There are 2 protein chains.
Amino acid sequence: MKIEPAGSGPVTLRDVAERAQVSIATASNALTGARRVGPGAIERVRRSAAELGYRPNGVARSLRTGLHQSIGLVIPDVTNPFWAGMVGVIEGLADESGFQLSLVNTAFDAGREAASLTRLAGSVDGVLLFSTNPRATASDPAFPHGLPIVAVDEGFDLPGIGGVHSDNVGGGRAAAEHLVEAGGTVFGLLAGPGTLTTATQRGAGFSAGLSDRGIDPSRLHRVTAPYSFEGGREGVRRMLAQHPEIDALFACTDNQAIGALFECHDLGRVVPDDLLICGFDDISWASRITPGLTTLRQDAAAMARSAFEQLVDRVANGGAPRVEVFPVNLVRRGSTRRVTTV
Amino acid sequence: MKIEPAGSGPVTLRDVAERAQVSIATASNALTGARRVGPGAIERVRRSAAELGYRPNGVARSLRTGLHQSIGLVIPDVTNPFWAGMVGVIEGLADESGFQLSLVNTAFDAGREAASLTRLAGSVDGVLLFSTNPRATASDPAFPHGLPIVAVDEGFDLPGIGGVHSDNVGGGRAAAEHLVEAGGTVFGLLAGPGTLTTATQRGAGFSAGLSDRGIDPSRLHRVTAPYSFEGGREGVRRMLAQHPEIDALFACTDNQAIGALFECHDLGRVVPDDLLICGFDDISWASRITPGLTTLRQDAAAMARSAFEQLVDRVANGGAPRVEVFPVNLVRRGSTRRVTTV
DNA sequence: GCCCGGATGTAAATCGTTTTATTTCGAGCG
DNA sequence: CGCTCGAAATAAAACGATTTACATCCGGGC
């Protein structure tokens with residue numbers, strides 16, 4: 001086995017073919033298996049390739065085949081722990097199946113989303129889209145219509161776009177039921193921006209759940225706040241200033257819920273005795289803080305896997321877009337567990 | 001202005017040239033500016049390109065020029081908030097300068113690092129490497145030597161690899177000085193894995209700082225634990241079991257420090273009265289928890305920017321590798337601020 | 001009148017693969 | 001022996017840009 005002559009640039013298929021004494025076409029077929037090749041030739045080509053340390057040039061292959069073995073990931077903010085977790089899972093899957101990952105961080109700028117997608121369209125086979133305003137993006141004139149897109153959380157219902165999302169309505173309903181059972185009597189809903197389906201659905205589920213339990217709508221107070229820790233802090237402060245009688249809170253996001261919980265601590269309201277708090281997501285900090293945060297766990301790993309697999313199915317097999325819904329599970333922790341000393 | 005005929009596939013440079021009544025070469029030169037082109041031609045080409053909605057095919061360009069306008073990001077774990085923050089910054093910079101970002105998550109598997117780098121070598125112009133074992137990676141036979149690499153935190157001292165890192169020794173020393181001044185008498189060092197330069201340097205700086213202040217080495221107890229929340233919990237438990245007299249703790253990472261702080265809460269040791277705690281990083285949770293975590297702030301944004309700029313300088317201008325060091329700043333918060341009622 | 005040089009323009013080579021069309025060869029069969 | 005048929009191999013045409021080398025034109029200096 002000879003070592004490759006180090007000074008002669010990268011090894012091309014031509015070099016391999018030459019050494020194996022076959023044509024370039026035969027070498028290509030032998031390596032990719034696109035067509036039958038004689039057993040002698042196939043063996044010689046394989047050996048030559050190994051000896052020369054041949055690495056196929058992906059760019060050239062892309063140019064010819066039109067495929068990139070690469071998928072795009074468009075995310076408003078990688079810093080968000082829930083999304084970051086999904087990114088991790090997706091990266092693992094991509095690595096396994098030989099796909100590269102192209103990351104785009106849109107910083108919540110909807111204008112950048114469409115532009116990003118068109119840029120990506122030239123270098124990826126499909127895109128996983130985590131959008132906060134998919135409708136605006138999809139109606140942007142720059143929106144690339146040929147590109148397979150699978151949306152997560154938001155925008156899964158757009159034509160031609162498949163997606164995955166949690167059972168947000170069911171989750172909101174479960175939160176309502178749990179808070180009622182845990183002893184809540186006057187309720188606060190820390191909702192997210194009205195443009196987000198996750199926010200409206202979780203909120204809708206929550207109020208529906210309260211109705212089901214016979215709670216009068218006048219006992220539900222709603223405040224809107226960003227999906228962030230600071231949003232939660234600020235939102236709960238506004239809420240309690242207006243309605244100090246609230247004794248049970250549902251936040252659409254763990255980030256908000258944890259912010260609210262910390263704010264309550266600063267305000268001197270003890271959780272869960274004075275106020276029950278239930279979140280949504282089950283990020284890792286939910287179980288770390290004290291009291292632990294009761295929350296609705298989304299199966300982020302399963303969602304990520306499903307989204308990835310749908311995308312691969314669409315780019316590789318021409319599969320059709322579909323929408324997949326995932327159940328959420330109530331995780332009971334200290335923030336809604338009162339030690340009833342009555 | 002005619003609209004592009006929607007049914008005829010992507011618009012190529014040939015189409016543009018044809019419509020502008022010039023050769024393909026002229027069209028290329030007019031658009032890229034690689035050579036002077038007559039004012040009439042340049043105008044016609046520009047208009048035709050705009051009218052047809054021409055988007056240059058990046059893959060073809062890559063094949064010809066050997067450049068990719070893309071850089072790789074190799075990270076052990078995107079979930080880590082400190083790294084995630086840097087990823088966000090880098091993404092913004094890449095977007096500004098027209099680079100794409102290829103993300104690889106190695107999941108702390110050093111064996112995957114070298115393989116990832118070789119795979120990336122074919123599709124990116126350079127790599128930003130966040131490694132936990134750069135020496136192993138660099139000595140792997142698969143390590144791609146031609147590829148420009150800029151290392152963050154670890155491995156910046158390897159030949160041919162530039163990098164950025166914080167002043168870890170100085171930070172450790174500052175932690176020591178601060179803990180002494182805050183009233184610490186017996187010290188604990190929650191160190192990271194010995195394979196990490198950040199861990200050894202922060203630890204070395206810390207013990208040097210104690211010596212400088214005349215603290216006898218017998219008053220410093222060291223425990224090794226992973227750089228994680230759970231590592232911090234478990235590490236401080238071991239440490240306090242063996243040396244309950246410790247009243248000041250320096251953790252090499254905010255994640256560890258916060259884990260330690262929470263564990264202390266569970267153990268009934270109140271921070272800061274019974275135990276002072278100082279971390280390193282200043283992740284966002286450090287200022288959210290109560291008491292706030294005193295810590296050494298790394299300027300993650302500046303480091304990210306510098307690393308990115310160095311990489312671009314190397315791929316675009318053939319710049320030489322260099323090492324850049326960033327100062328860290330002590331941020332005083334509740335975890336080391338005793339209300340001295342003496 | 002002749003030649004030179006700068007400015008534009010263009011045909012064709014090139015990047016490294018895949019894929020299509022064509023060639024070659026030998027076995028099988030009437 | 002001639003003919004067909006299939007398998008294996010190959011030459012050459014893509015893919016879509018950049019870049020090289022060459023052609024053309026025109027004004028100006030001698």
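**Contacts of DNA strand C and the setting of Gln256(A)**

Reader: How far does a backbone N or O atom of Gly38(B) lie from a phosphate oxygen of DNA strand C?

Author: This is a predicted model, in which local features need pLDDT of at least 70 and side-chain atom pairs count only at pLDDT 80 or more, while totals for chains, interfaces and linings use all residues. Residues are numbered from 1 along each chain as its sequence is written, chains are lettered from A and ligands numbered from 1 in the order written, and side-chain values use heavy atoms, without hydrogens and water. A polar contact here is a pair of N or O atoms within 3.5 Å. For Gly38(B) and the phosphate oxygen, the distance is 2.9 Å.

Reader: Which residue has a polar side-chain atom 2.8 Å from a base oxygen of DNA strand C?

Author: A base nitrogen of the strand is 3.5 Å from a polar atom of Ala60(A), but that atom belongs to the backbone. The side-chain atom at 2.8 Å from a base oxygen belongs to Arg64(B).

Reader: Which element gives the largest share of the surface near DNA strand C?

Author: Near means that a heavy atom of the residue lies within 4 Å, and 27 residues surround the strand. Helices are DSSP runs (H or I) of at least four residues, numbered from the N terminus. The largest share, five residues, comes from helix 2 of chain A.

Reader: Is Gln256(A) buried or exposed?

Author: Gln256(A) is found in helix 11 (residues 254–267) of chain A. Under 20% relative accessible area counts as buried and over 50% as exposed, with a 1.4 Å probe and protein chains only. Because its relative accessible area is 0%, Gln256(A) is buried.

Terms used: Polar contact = N/O pair within 3.5 Å; in protein donor to acceptor, adjacent residues only side chain to side chain. Helix = DSSP H or I, 4+ residues; strand = E, 2+ residues; numbered from the N terminus.
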